[in-house]
Structures are given as C-alpha cells and as structure tokens.
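Subject: The structure I promised to pass on

Hello,

Here is the structure we talked about, handed over so that you can look at it alongside my notes. Please open it first and then read on, with the sequence at your side.

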Amino acid sequence: MGDGAMTDVAVRPRVVGAEGRLIKLPSRSDGWRTDPISQQASFLAPVVVGRPNKETLRVLLVEDEPGDAKLVEFALRMSKAPRFEVVHVTTLAAAIEHVKSDVDIDVVLLDLSLPDSSGISTVSRMQEVASKTPIVIMTGMDDQRFASYALEAGAQDYLIKSDDPEKTVGRAIRYAITRMASQIERQALIERIAEQQRHLIEEVAAARAMQFDLLPRSERVDDRLAELGLEVESFFEPSSGIGGDLWGCLDCGGDRMSFYCFDFTGHGIGAALNVFRLHALISDHWDPRQGPADMLRILGGALRGLLGRGQFATMFLCTVDCRRGELEWASAGAPAPLLVSGREFRFLDARGVPLGLGRTPDYTEHREPFPPGTSLLMYSDAITDAQQSDEETFGEGGLVDLVQGILAEDGKMSVDRLLDGLYGRVRMPLEDDLTAVCIRRLGGAP
Amino acid sequence: MQFKVKEEGANVHVSLEGQLNFAANEDFRGLLTQLAGWKNKKIIFEMSGLSHIDSVGLGLLYIAGEDMAEAGSSIMLTHPRDNVFRMLELTEAHKTFEIKR
C-alpha cells in the first residue's frame, strides 16, 4: 500500500454510530459431524419399506406338503388388513430362483423339510440370497426345539403347523417383518457409530502425530547435545490419545541449552489445544538472553486471557550452562524436579504461580551448581497424583522411595527404571498425561 | 468430593471432603451455585477432610475465588493436610487466597 492510500485512510472521518466491530456469523450446521450423519440417514430408507403397515404384503410360501400349503394360503386369503399376495413354491431351489428374479418379497414362509433341503441349512441358504427379507419357519409340533435353533440361525419367527394358521400366520408374519426391520435399523446404527468412531480415532491419531511432532527430535538436537555432553532421556504419553503435557529444548547457543516441561489442567483434546497455544507462544517469545524467570513472566502474561476459567499451565524452565557448570531455573508451580548427584538427590524449589492464573506473576530465578555427573529429573504430576489406593496418591513420598531404590541399585537416575517402579506401585492405567525427562551431564564421576 | 455449607454470622463455612479433582467438577459447581446466594461474606473452606487436590481441583478453587470476589466475598482456605498444603505452596496460592494451616 502506498503512502497516498495511508493518508487517505488516516484522514477519513469516523462515521458516528458505525464504528468498526467484529461480526460473527452464526454456524450454518447443527454442530460437529451433523451433516455426514444426515447424509447417512438415506441408508435407512429400505427399512421403512419393510414395515408391516403396508396394505399389501407379498409372501413367498415355500412348502412341499400340499395340505399344509393350502391351510396357510387359505388363512392368508382371509386377512383383509393387510392383504397378502402369496407365491407358492415347493422347493428351496424354486424359492431361491424366485428371490433372484428381483420380485419384491416382504416375507418368506419356509418349511424346513423340503425335497432339496432340510434342517438349519435351509434357513442359511435362504438368507444367503435374501439377507434383508424376514423368514418365518414352519415346523411340525415335534420340531419346536429345532425352531428355536432356526431363530438363532437368523429366522425372525416360527409357526407350528398344527396350530390354527388362521390365528397365527398373520401375527407371525407381521412380527417377523417388524423384527427384521429393527434388526436392520440396529445394524445400520451400529455401522454408523462404528464409522463415526473410526473417523474420530483418525482425527485424534492425526492430532496425536502433530503433538508428537512438537517434541524434540534426535536428528535436530543430537549434535548439540553431544557437543555439550548432555544425555536426555524422555518419556511422553498422553492418557487419552492427545494431552496437556509437553517438554522441549531450546538452544541458547554457546555452552547453554534450555529445557522446559509444562502441563495444562485436565487432559484430552481441550488440554492439547492449549499445548499448541503455549508451544507457539514459546516459539514467538523465546529469547536466550532472557533468564527463565523473565521468560515465565512473559509467557504467563501472553497466556492469560487466552485460557478458559480454571485453566492454567504449570511450567518448569531451566538453562544448563555447561561451561560454568550451572543450572538456572524458574518454575510456575511445576512438580518439583529432582536434582541428582551420585546417590544423593533433593527437590528443587519449584514454587511459582501457574501460567494463566496470576495477573502480574513474578517468578524467582534460582541457580545451582550442575557439574558433570549430576542430573535433573523433570516430570508431570501424573506421577505424584497416581493413585496407590482409593485414598492415597503416590505423592512426593512415593517418588522419593522409588528414586532412592533406583540410585541405591544403579547409582544413576533413569526414566526407564522410574516408570518400571511407578507402574508396579500405582493403579494402572494412569488417568493423566505423563511426561518424564532426565537431563544428565556426562563425563563426571558419579 | 462431598461438601457441607453452614452460615455463621459474617462467615460461611464450607467443609470439603474426599478428593478435589476432575471427578469433583460437577459437585463443586453445585457448591458454587449454592454459594452464589451470599454477598460480602468470608467464605471459609475447611480442608481438613480433603485427602487430595490436583491441578483441576486447584483450578476450581480459582474459579470459586473469582466468583466470590464478584459477590464481594473472599475465600479463606483452612487446615489443609500436608499433601494438599504442598500443592498450595508449590503454586503460591497464598498470593490469591488467605491460607491458615
């Protein structure tokens, strides 16, 4: 835009009563995924056709005994509402041929002892060609147990031939049609839910991959870590696909490298979205000349106002200076990291108002010697909040016991060993996102 | 989490029991609705019955703090157990709430 245009805008008088504003148009859908759902509803159309409230129902009667067939046909003819149109065949082959000829049939009345087929296989062979057509089995008095097998095999109802067909056949047909309709509807619903679940899983998997992409990658950091003599062992596992934790490292140049670990309230998609926010803020505001306390203050200020009520992040940010052998850190209420030296360890002072909670947060900068041989363990509260029993959480006490055991045995802090110990002591699965990062300065005597 | 509310003069005593965490979300919001009836009070959260608080629970306390401030009331947290106090200490909750051990 040229200078002339700028001037033009600057001198344009403000129109009274027509100030600039944000106009938010309302949504044009009823909500998430509603459109695909209504598109899928067309799948249910054939189900409606099969309802028993049609005026005329077409019956395929498969019966080789002429007497039985006549009785049933007579009974069906007596009915006026609905009316039945009957096609009578005497073999399964003829029945299958009829079905294949594309003639609409509302129900099949099927005798199980036919010249070309007998028993349960009669039902299954019929189903193969007419999977959505209700089948009513016709059976002799002795076959009742067999009839119930047939129901299990997929028939919708059965008739006992010796019963008065006038009273029973119409009811059995209507019942079979209704039952088939609800079976098809249920199947359609299950498929629809499964489809939505597949879709949701795909979405979460994509988001999860994006979240894992935020983590430091070996190919980008290994050279620098090797140069600085730092070994970093990390574990990151969201409790429900994606989550509210993240850790990272930021190169300060020279002999310094910064590390952070943060954790938003809650877990799942909402917390994960906040992770992306804070990660972007860190990228925007990161300045290696700023100390950790100033960085937290800047991030807290930037985050405040973006978060919903009751939402916040705890964060630990530290810089390892390998030349001076120092660790510099500030914390916004993160679980207190452990500073490990040989078999000794202690919690660092991690007090601080979580990011997003304080109006004008102020953080304290701390410094400790961090010579070769020492290590630092950062972790999320999934560890200390893990449940040992209904009433008891693992807590800092549990962590102390566990780390003492690991150091007594190995003389070296290990995230892998920590997780082994934790999983053996607390209720699984964990209900929160778990991050644990151990930064070891190599080279010194343990 | 369970709670009991009792008014005593200028104070409202709320005793909390169980765990203040994600699972307590609905109960806690019920408590806030109940507390919304009072103005210009000192709301005292008796925490000795609270066995655990996590970050979601802490967030709920801050929501309560905002709501009460709007109604001219203030919140005091009393007698937290060691592990609950540790969480309040770590997050410097004393900068927002009056805390009495």
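In chain B, if we take the contacts between residues at least 6 apart in sequence, 73% of them join residues at least 24 apart. Please keep in mind throughout that this is a predicted model.

Chain B as a whole

Chain B contains 3 helices and 5 strands, and if you follow the chain from the N terminus you meet them in the order β-β-α-β-α-β-α-β. Its radius of gyration is 12 Å, which is close to the 13 Å given by the globule rule for 101 residues, so chain B is as compact as a globular protein of that length. Along the principal axes, the C-alpha trace of chain B spans about 30 × 25 × 20 Å, and 42% of the 101 residues in chain B are buried.

Where the two chains meet

The contact between the chains draws on 18 residues from chain B and 22 residues from chain A. On the chain B side, strand E3 (42-53), helix H2 (55-70) and helix H3 (82-90) each supply at least two of the residues that touch chain A. Which of the elements of chain B gives the most to this side? It is H2(B), with 7 residues. By character, the residues on the chain B side divide into 6 nonpolar, 6 polar and 6 charged.

The nonpolar cores

The largest nonpolar core has 97 residues, and those with the most contacts inside it are Leu296(A), Met315(A), Phe316(A), Leu317(A), Leu377(A), Ile383(A) and Val437(A). Although these residues belong to chain A, the largest share of the core, 7 residues, comes from H2(B). To look at one of them in detail, choose Leu377(A): leaving aside its neighbours within four places in sequence, Leu377(A) is in contact with Pro337(A), Leu338(A), Val340(A), Met413(A), Ala436(A) and Cys438(A). There is also a second, separate core of 34 residues, which includes Leu76(A), Val107(A), Ala150(A) and Tyr158(A).

A hairpin in chain A

Finally, please look at strand E9 (residues 245-253) and strand E10 (residues 256-264) of chain A, which pair in the antiparallel sense over 8 bridges. Within this pairing, Asp251(A) has Met257(A) in E10(A) as its bridge partner. The two strands E9(A) and E10(A) form a hairpin with 2 residues between them, and in the turn Gly254(A) has a positive phi of about 60°.

With best wishes

Technical notes:
Residues are numbered from 1 along each chain as its sequence is written. Chains are lettered from A and ligands numbered from 1 in the order in which they are written. This is a predicted model: local features need pLDDT of at least 70, side-chain atom pairs count only at pLDDT 80 or more; totals for chains, interfaces and linings use all residues. Helices (H or I, at least four residues) and strands (E, at least two) are DSSP runs, numbered from the N terminus. The radius of gyration is taken over C-alpha atoms; the globule rule is 2.2 Å times the number of residues to the power 0.38. A residue is buried if 20 or more other C-beta atoms lie within 10 Å of its own, exposed if 12 or fewer, and partly exposed in between; C-beta atoms are placed from the backbone. Two residues are in contact if their C-beta atoms, placed from the backbone, lie within 7 Å. Ala, Val, Leu, Ile, Met, Phe, Trp, Tyr, Cys and Pro count as nonpolar, Asp, Glu, Lys and Arg as charged, and the others, Gly among them, as polar. A nonpolar core is a set of buried Ala, Val, Leu, Ile, Met, Phe, Trp, Tyr and Cys residues joined through C-beta atoms within 7 Å. Two strands pair if DSSP finds at least two bridges between them.
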